[in-house]
Amino acid sequence: MNDLKQPVFLGARTSLLPADVTHLEAEVNYTIVYSASGKNEILSSTMKKVYECLKDHGNFIRISRKYVVNMKFVKTSNEQELILSSGKELRPSRRKRKELDQIFR
């Protein structure tokens, strides 16, 4: 695990602080990055590429085709959804629910 205080560079002009990223949301060939500070950023890159850059810099887990979550910001979970510290509710895919059940036990 690398230093969470160091920015991760996703290109020549784009960098993210992994410690501040709460979750990622996929929108076709764009990725919306949500941060704890409330600032959202839209990147013209696929979520797969962004996830590959971030997965070694924190506790990021892909919970569906649409979402990647920083587990540091997960407040609670139940069978149907994860609730983040911001109050946002995210639904994991059926296949990922079993994996998430193992994490939260």
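Let me start in helix H2, residues 94–104, where glutamate 99 and lysine 96 sit 3 residues apart, so about one helical turn separates them. Their side chains meet in a salt bridge, with 3.7 Å from N to O. As for exposure, glutamate 99 is partly exposed at 38% relative accessibility, and lysine 96 is partly exposed as well, at 26%.

Before I go on, a word about what we are looking at: this is a predicted model. The average pLDDT over the protein is 88, and 95% of the residues score at least 70. Confidence is highest in strand E7, with a mean of 96, and lowest in strand E1, residues 8–9, with a mean of 82. The usual reminder applies: where pLDDT is low, the predicted coordinates should not be read in detail.

Back to the charges, then. How many salt bridges does the count come to? The answer is 4. One of them joins lysine 66 to glutamate 25, at 3.4 Å from N to O. Which parts of the chain does that pair tie together? Lysine 66 belongs to the loop between strand E6 (60–62) and strand E7 (67–70), while glutamate 25 belongs to strand E3 (residues 21–27), so the salt bridge ties together parts that are 41 residues apart in sequence.

Now, are the two partners buried or exposed? Glutamate 25 has a relative accessibility of 8%, and because the cut-off for buried is under 20%, glutamate 25 counts as buried. Lysine 66, at 32%, counts as partly exposed. There is also a third member to mention: Glu27 is linked with Glu25 and Lys66 in a network of salt bridges.

Another salt bridge is the one between glutamate 52 and lysine 55, with an N to O distance of 3.3 Å. Glutamate 52 is partly exposed at 40% relative accessibility, and lysine 55 is partly exposed at 34%.

Let's turn to the sheet. Here we have an open sheet of 5 strands, in the order E5-E4-E3-E7-E6, and the pairing is antiparallel. Which strands are at the edges? They are E5 (40–43) and E6, each of which pairs on one side only. On average, neighbouring strands of this sheet are turned by 15° against each other, if we ignore direction.

If you zoom in on the E6 end, you'll find E6 and E7 running antiparallel, joined by 3 bridges. For isoleucine 61, the bridge partner in E7 is valine 69.

My last stop is threonine 31, which you'll find in strand E4, residues 30–35. Threonine 31 is buried, with a relative accessible area of 0%. What does its side chain reach? A polar atom of the threonine 31 side chain lies 2.7 Å from the backbone oxygen of serine 45. The same side chain reaches the backbone oxygen of threonine 46 at 3.5 Å.

Leaving aside residues up to four places away in sequence, threonine 31 touches a set of residues including Leu24, Ile42, Leu43, Met47 and Val50. That set also includes Glu25, which brings us back to the buried glutamate of the salt bridge with lysine 66.

That's my tour. Thanks for listening, and I'm happy to take questions!

Conventions
Residues are numbered from 1 along each chain as its sequence is written. This is a predicted model: local features need pLDDT of at least 70, side-chain atom pairs count only at pLDDT 80 or more; totals for chains, interfaces and linings use all residues. Side-chain values use heavy atoms; hydrogens and water are left out. Helices (H or I, at least four residues) and strands (E, at least two) are DSSP runs, numbered from the N terminus. Buried means under 20% relative accessible area, exposed over 50%, partly exposed in between (1.4 Å probe, protein chains only). Two strands pair if DSSP finds at least two bridges between them. Axes are lines fitted to C-alpha atoms, for helices over the stretch in contact, and angles run from 0 to 180 degrees between N-to-C directions. A polar contact is a pair of N or O atoms within 3.5 Å; within protein, one must be able to donate a hydrogen and the other to accept it, and residues adjacent in sequence count only if both atoms are side-chain atoms. Contact means heavy atoms within 4.5 Å. pLDDT is the predictor's confidence in each residue, from 0 to 100.
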